[in-house]
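Visitor: I would like to know how the labels on this model follow from the numbers. Please take them one at a time.

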Amino acid sequence: HEIPAKAVRGRGIANGGEKWLHVHQHTSPQDCIDTLHALNFLVFAAVAAPTAVSAPGKLWDNADLGSTERCLQKETTVKPLEQIDFSQRVALVFGNERLGVSSELMELCDGTF
């Protein structure tokens with residue numbers, strides 16, 4: 001069940017970036033993934049490299065790794081982006097810079113990159 005597009009402007013989109021995006025908002029991560037799967041999309045979540053740089057010269061510590069740490073804890077194989085088959089419908093999920101993709105959404109994705 002999508003939230004009407006005019007109800008909420010895309011949060012977290014760079015100022016003016018919504019002009020080039022079709023934003024669909026859903027009531028839950030499950031609803032989002034169900035909708036994408038119904039449209040025959042495979043869904044892959046982005047995870048940051050364990051050595052990702054946050055602020056100038058600072059490395060994220062394990063508490064800040066968010067989705068990467070969760071991915072490593074459940075021993076999920078992270079597929080290089082170049083190995084994803086884009087000849088089929090694919091949706092890529094990106095989280096925020098600090099915490100990444102939520103654990104709830106990560107669990108629902110078909111894979112990670």
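Visitor: What phi does Asn40 take, just after helix 1?

Guide: This is a predicted model. In it, Asn40 has a positive phi of about 65°, and the residue comes just after helix 1. That helix covers residues 29-38, and its buried residues are Asp31, Ile33 and Leu36.

Visitor: How confident is the predictor in helix 1?

Guide: Helix 1 has the highest mean pLDDT among the elements of the chain, 96, while strand 1 (residues 2-3) has the lowest, 49. For the chain, the mean pLDDT is 74, and 59% of the residues reach 70 or more. Over residues 55-65 pLDDT stays under 50, and the model has 17 contacts there beyond four places in sequence.

Visitor: Why do Cys32 and Cys109 not count as a disulfide?

Guide: A disulfide needs two cysteine sulfur atoms within 2.5 Å. The sulfur of Cys32 is 8.3 Å from its closest cysteine sulfur, in Cys109, so the distance is too far for a bond. Seen from the other side, Cys109 is in no disulfide either, its nearest cysteine sulfur being that of Cys32. The structure therefore holds zero disulfides.

Visitor: What makes one of these cysteines buried and the other partly exposed?

Guide: Buried means under 20% relative accessible area. Cys109 has 12% and therefore counts as buried. Cys32 has 22%, so the label is partly exposed. Of the 113 residues of the chain, 30% count as buried.

Visitor: Which residues make up the largest nonpolar core?

Guide: There are twelve residues, among them Cys109, Ile33, Leu36, Phe41, Val43 and Met106. Helix 1, strand 3, strand 4 and helix 3 (103-108) each supply at least two residues of this core. Phe41, one of the twelve, touches Leu36, Arg89, Val90, Ala91 and Asp110, with residues up to four places away in sequence not counted. A second, separate core has five residues, including Phe44, Ala46, Ile84 and Val90.

Visitor: How do you know that strand 3 and strand 5 pair?

Guide: Pairing needs at least two bridges between the strands. Two bridges join strand 3 (residues 42-45) to strand 5, and the strands run parallel, so the pair meets the cut-off. Ala45 has Thr112 in strand 5 as its bridge partner.

Visitor: What makes strand 4 and strand 5 the edge strands?

Guide: Strand 4 (90-93) and strand 5 (111-112) each pair on one side only. The open sheet of three strands has the order 4-3-5, with parallel pairing. Along the sequence, the chain follows the pattern β-β-α-β-α-β-α-β, with three helices and five strands.

Visitor: Why is the pair of Phe94 and Phe113 called edge-to-face?

Guide: Planes over 60 degrees apart count as edge-to-face, and the centres must lie within 6.5 Å. For Phe94 and Phe113 the values are 85° between the planes and 5.7 Å centre to centre, so both conditions are met. A search of the whole structure finds one aromatic pair. Phe94 lies in the loop between strand 4 and helix 3 and Phe113 in the segment after strand 5, so the pair ties together parts 19 residues apart in sequence.

Visitor: Are the two rings' residues buried or exposed?

Guide: Phe94 has a relative accessible area of 58% and is therefore exposed. Phe113 has 13% and is therefore buried.

Terms used:
Residues are numbered from 1 along each chain as its sequence is written. This is a predicted model: local features need pLDDT of at least 70, side-chain atom pairs count only at pLDDT 80 or more; totals for chains, interfaces and linings use all residues. Side-chain values use heavy atoms; hydrogens and water are left out. Buried means under 20% relative accessible area, exposed over 50%, partly exposed in between (1.4 Å probe, protein chains only). Helices (H or I, at least four residues) and strands (E, at least two) are DSSP runs, numbered from the N terminus. A nonpolar core is a set of buried Ala, Val, Leu, Ile, Met, Phe, Trp, Tyr and Cys residues joined through side-chain atoms within 4.5 Å. Contact means heavy atoms within 4.5 Å. pLDDT is the predictor's confidence in each residue, from 0 to 100. Rings of Phe, Tyr and Trp (its six-membered ring) pair if their centres lie within 6.5 Å; planes under 30 degrees apart count as stacked, over 60 as edge-to-face and the rest as tilted.
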